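User: Could you take a close look at one part of this protein for me, the place where aromatic rings meet? I'm new to this, so please walk me through it slowly.

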Amino acid sequence: MARFALVAALLMLAPMASAQVADVYNFETTQQEQRFQDLIEELRCPKCQNQNIADSNSPISKDMRAEVYRRMRAGESNDEIVDALVDRFGEFILYRPQVEKRTILLWATPAIAVLGGLLVVIGVIVRSRRQTDETPELTAEEKARVAKILAEDDQDNRA
């Protein structure tokens, strides 16, 4: 029975031993802590791709958080920190890439899509108006024929 208790205790302790320890960073002011949080929330994890480094538990995100903290402690500005991380990991880590010649299409795509949609809607409206305006008038012969058909139909309905 003692062996069973020992095995059970060891099995219960194993998950605790492998539990991850959260990163602990000391800040002098709450403004510094908020600045750190803002920075790590606006940088994307290169491994996870859809998480920021604040939410990711990947080793590279931990390294990036430590780098942000180290650079903040060194007195660097937010732009200097972001630029250093972009130099190291690439522009992929930015959720909002900078507007440059090579990213202009990325930034212009929503406007192009909206303008294209507006042009399609305007084209459909203009085309439908032209079709209603272009209905030809009936000739006298066609009017007489319609009247004859309506008269025959009216007589059939009375009978």
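Analyst: Sure! Keep in mind that this is a predicted model. For orientation, the protein chain has six helices and zero strands, and buried residues make up 17% of its 159 residues.

Now the rings. The count comes to three aromatic pairs. Start with phenylalanine 27 and tyrosine 69: their ring centres are 5.4 Å apart and their planes sit at 85 degrees. Planes over 60 degrees apart count as edge-to-face, so that is what this pair is. The two partners come from distant parts of the chain, 42 residues apart. Phenylalanine 27 is in the loop between helix H1 (2–18) and helix H2 (30–41), while tyrosine 69 belongs to helix H3 (residues 59–73).

Are these two buried or exposed? The cut-off for buried is under 20% relative accessible area. Tyrosine 69, at 16%, therefore counts as buried, and phenylalanine 27, at 21%, counts as partly exposed.

Tyrosine 69 also pairs edge-to-face with phenylalanine 36, with 6.3 Å from centre to centre and 90 degrees between the planes. This pair links distant parts of the chain too: phenylalanine 36 is in helix H2 and tyrosine 69 in helix H3, 33 residues apart. Phenylalanine 36 has 2% relative accessibility, so it counts as buried.

Put it together and you get a cluster: ring pairs link Phe27, Phe36 and Tyr69. Tyr69 takes part in both of the pairs we just walked through.

Methods: Residues are numbered from 1 along each chain as its sequence is written. This is a predicted model: local features need pLDDT of at least 70, side-chain atom pairs count only at pLDDT 80 or more; totals for chains, interfaces and linings use all residues. Side-chain values use heavy atoms; hydrogens and water are left out. Helices (H or I, at least four residues) and strands (E, at least two) are DSSP runs, numbered from the N terminus. Buried means under 20% relative accessible area, exposed over 50%, partly exposed in between (1.4 Å probe, protein chains only). Rings of Phe, Tyr and Trp (its six-membered ring) pair if their centres lie within 6.5 Å; planes under 30 degrees apart count as stacked, over 60 as edge-to-face and the rest as tilted.
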